[in-house]
Structure formats: structure tokens, C-alpha cells
Amino acid sequence: MPKTLVLHDHLDRTTNSYSLIRLLAAIAVIFSHAAVIVGGPHNLEPLYTLTGQTLGWHAVNVFFVLSGIMVTASFQRKQNIWQFIKARLLRIYPALLITSLLVFTMA
């Protein structure tokens, strides 16, 4: 019987292009912001006239989709829900706490 592939089987860092997609989305956000910075707040990107949204808006949606894919793959790799929750907390809260401390001490 053939092995059933799950999402994390397709997320091997050596065989996917997610880093390239993330890089291109980040460049798109920078380009989107640059159009407003250089041209002023009334300057519209060419993509805005075609789709009703800026290139940056589309790029942020790409980030949300990739994030959802990666979090789902992380969930599939874990043995149980508690390991997944622990991994998410350890990924999010240290940076959140350090950033919060820096912000509150600088205020």
C-alpha cells in the first residue's frame, strides 16, 4: 500500500520554494511602500488600478497563507496537541516578552 503523504512531507526545506516565495512577498511589500514614499499618499500603484488593492496587500495575504501552511504542518509533526501548544508558546512568547520589556522600558 502506498504511503499517504501529509502536508509536512511537502515542506522539506531542501525541496520546496517557500523561502523564495517569502522573499518575493517581502520585496513586494517594500515596493508597495516605496511607491507611496516616493510618489506621495495620492500615488497609486499600477496593481491597485487593476485589482483594487495594492501589491503589498496581496503580498501580506501570501504571508498569511504560507503561515497557515507552516503552522498546520507543525501540528501534523507533533505527537499530540500539548506538544504543539508547547512548541507554539516557545516560539511566540520569548520574543513577545523581550519586545514588550524593551517597549515598556523605553517609554
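In this predicted model, Ser32 has its place in helix α1, which covers residues 18-39. Ser32 is buried, because its relative accessible area of 7% falls under the 20% below which a residue is counted as buried. The side chain of Ser32 also takes part in a polar contact, since it reaches the backbone nitrogen of Gly56 at 3.2 Å, and a pair of N or O atoms has to lie within 3.5 Å to qualify.

Helix α4 comprises residues 81-106. With 26 residues at 1.5 Å a residue, α4 should span 38 Å, and the end C-alpha atoms are 37 Å apart, which agrees with that expectation. Along its course, α4 has a kink of about 25° at Tyr93, shortly before the proline Pro94. At the start of the helix, a side-chain oxygen of Asn80 comes to within 2.9 Å of the backbone nitrogen of Trp82.

Trp82 itself is found in α4, and it is exposed, because its relative accessible area of 65% lies over the 50% that the term requires. Trp82 also belongs to a nonpolar patch on the surface, together with Phe75, Ile81, Ile85, Leu89, Ile92, Tyr93, Leu96 and Leu97. Together these residues have about 890 Å² of accessible area, and helix α4 gives the most to the patch, with eight residues. An α-helix has 3.6 residues a turn, so residues three or four places apart point the same way. Tyr93, where the kink of α4 lies, is also one of the members of this patch.

Three further residues, Leu102, Asp9 and Ser17, are set out below, each with its location, its accessibility and the C-alpha separation from a second residue.

| Residue | Location | Relative accessible area | C-alpha separation |
|---|---|---|---|
| Leu102 | helix α4 | 49%, partly exposed | 29 Å to Ala28 |
| Asp9 | segment before α1 | 27%, partly exposed | 9.5 Å to Arg77 |
| Ser17 | segment before α1 | 45%, partly exposed | 20 Å to Ile30 |

Leu102, in helix α4, and Ala28 are 74 residues apart along the chain, and their C-alpha atoms are separated by 29 Å. Asp9, which lies in the segment before α1, is 68 residues from Arg77 in sequence, while the two are 9.5 Å apart in space, C-alpha to C-alpha. Ser17, likewise in the segment before α1, stands 13 residues from Ile30 along the chain, with 20 Å between the C-alpha atoms. Leu102 is partly exposed at 49%, because partly exposed residues are those between the 20% limit for buried and the 50% limit for exposed.

Conventions: Residues are numbered from 1 along each chain as its sequence is written. This is a predicted model: local features need pLDDT of at least 70, side-chain atom pairs count only at pLDDT 80 or more; totals for chains, interfaces and linings use all residues. Side-chain values use heavy atoms; hydrogens and water are left out. Patches are made of residues with over 30% relative accessible area and no salt bridge: like charges are joined within 9 Å, nonpolar side chains (Val, Leu, Ile, Met, Phe, Trp, Tyr) within 5 Å. Accessible areas come from the Shrake-Rupley method with a 1.4 Å probe; for residues, only the protein chains shown count as cover. A salt bridge is a side-chain nitrogen of Lys or Arg within 4 Å of a carboxyl oxygen of Asp or Glu. Helices (H or I, at least four residues) and strands (E, at least two) are DSSP runs, numbered from the N terminus. Buried means under 20% relative accessible area, exposed over 50%, partly exposed in between (1.4 Å probe, protein chains only). The expected span of a helix is 1.5 Å times one less than its number of residues. The bend at a residue is the angle between axes fitted to the seven residues ending there and the seven starting there. A polar contact is a pair of N or O atoms within 3.5 Å; within protein, one must be able to donate a hydrogen and the other to accept it, and residues adjacent in sequence count only if both atoms are side-chain atoms.
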